[in-house]
Amino acid sequence: MHSRPFARRTLLEAAAGFAGSALFGGLSFRAFAQQTQALAPADHCFVFAYFGGGWDVLLNLDPRDPATFTPERISETRILPGYSLLSGDPSYPTTLVRPPGSNIAFGPAVGRFANHFDKMAVVRGINMNTVAHEVGYRYFLTGKEPNGSAARGSTTATEVIGQLYPTQVRRPPVPNLAFNVETYNDRFGGYANALRVSSANDLLLALAPSATSLDADIEKQLVDLQGRPVSCEAQLYDSRGLVSQYQDARRQMRTVLAAKLERAFRFDVTAGDPMDIAEEKARTVERYRLRVGANGYPNDPRASSAARAALVATALKKGVSQCVSINITGGLDTHFGSQLTQANNQRAGWNALADLVTDLRESSHPGGGTFLDHTTLVVFSEFSRTPLINAAGGRDHHITNACAIVGRGVRHNFVFGASGNVGLSAGVADHRTGLPDPRGRPYLPDHVLATVMATAGLDVSIMRVDPLRGLLSS
């Protein structure tokens, strides 16, 4: 086999630009802006919203009545809700939150999110099998227990796109978007890779025609891969899919650039905007309580949960993405100090998600119904925090977790399972009904994510567990 040499360093460096943490952002789009595609929202969208640091479920999805779980009964229950410790901020309730008609009780930090009880299911008593940050985080991203702290398998978002994308006639230009969340792909082509960005500014740079290019020699050699024979060495590296991933990514890049997608994420009203577009932008700014900068984008988007939620809604509604994973808030690893820190950081994320769900509920989908009828939203953290407060005034890591699933494919106004009333132990339940049952079985992140995949009728065999049938809508 004869061709000009293709340097090992060159291929690996270029591959890192699209197969690693910045699929599109490291490559020049200018050479590939050759075609456009009419964008349309996907029929079934997915959102994975991560609360970083390990949340206190007593403050959100798995609360306890402080009138029953009192300090005097700690030796018996091993649970202290601690809601009275939030009294420094009068906006926090000091007891359970249960909106009229709700079958779900919430903790005081859940904010406006509780108002959407009629469109969600809550899973309580999830056994995480770990209290290590990286392990729990990667476990809930993939549905597979890591090897040590190293992730195994693809993220569920990648699995969803990997199965759905080849069967769809209309395909979003950035089907899989990961906003400050890890992403993995171990079995699909480059079409399923996530565009991973760490801030809104990174997203805009990746989508804009002025994106910074790689070294010219590297890019020229990559372009040559499309139509020229390559060396045996390059072919050897493609046995791991690197060249094929590049070619998939390049096809996506043509559409991404030509569509000028960065314009969809500008929220300022400009002189050339039609009336309907101007009104839509104004509604977005008002709904998410955004402060828009001179460049048209939200100020300080890295720190704002609200701005992140607005970006998720825009990506779905404009047909830019089908699956968005996002770190909606952080700062939850609160081993020390006031309970208010945990509550405040949680509430920022919950209120942002509440506004996102309101937006999706009030926006018509071209396929009929609302966007929420076409969206499955999963809200999770890597584990919970201990039901007792430690000597430093905080809570440590705890194995029992909870999550919320909103929208399409799951039962609404429903609680699956329960954690124990002694020590907040992991639950066992009848997987067919969702009812706590001492003769039932534990349920893990694997089961939850298999259920999420089942809402789209996907093959869940990769999870090696069955979905939680009691959680699925009939």
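**Strand β6 and the largest pocket**

In this predicted model, strand β6 is joined to strand β9 (residues 400-407) by 4 bridges, and the two run antiparallel. Within this pairing, Leu377 has Val406 of β9 as its bridge partner. Strand β6 also pairs with strand β1 (residues 45-51). Here the strands run parallel, and 6 bridges join them. One position of contact places Phe46 opposite Thr376 of β6.

Strand β6 spans residues 375-380 and is mostly covered. Of its 6 residues, 6 are buried, that is, under 20% relative accessible area. In a regular strand, side chains alternate between the two faces of the sheet. Burial in β6 was therefore examined face by face, with the 20% cut-off for buried residues. One side carries Thr375, Leu377 and Val379. The other carries Thr376, Val378 and Phe380. Residues on both sides are buried, and both faces of β6 are thus covered. Leu377, the partner of Val406 in β9, belongs to one buried face. Thr376, which stands opposite Phe46, belongs to the other.

Attention then turned to open space in the model. Empty space is revealed by rolling a probe the size of a water molecule over the atoms. The largest pocket has a volume of about 310 Å³. Its lining comprises 16 residues. Nearest the pocket centre lie Arg263, Ala264, Ile277, Lys281 and Lys318. Two elements, α9 (275-287) and α10 (305-317), each give two or more residues to this lining. By class, the lining holds 7 charged, 6 nonpolar and 3 polar residues.

Notes:
Residues are numbered from 1 along each chain as its sequence is written. This is a predicted model: local features need pLDDT of at least 70, side-chain atom pairs count only at pLDDT 80 or more; totals for chains, interfaces and linings use all residues. Side-chain values use heavy atoms; hydrogens and water are left out. On a 1 Å grid over the protein atoms alone, a cavity is a set of points where a 1.4 Å probe fits but cannot get out, and a pocket is an open set with protein on both sides within 12 Å along at least five of seven lines; lining residues have an atom within 4 Å of a point. Grid points are joined across faces, edges and corners, and a volume is the space filled by probe spheres set on the points. Ala, Val, Leu, Ile, Met, Phe, Trp, Tyr, Cys and Pro count as nonpolar, Asp, Glu, Lys and Arg as charged, and the others, Gly among them, as polar. Buried means under 20% relative accessible area, exposed over 50%, partly exposed in between (1.4 Å probe, protein chains only). Two strands pair if DSSP finds at least two bridges between them.
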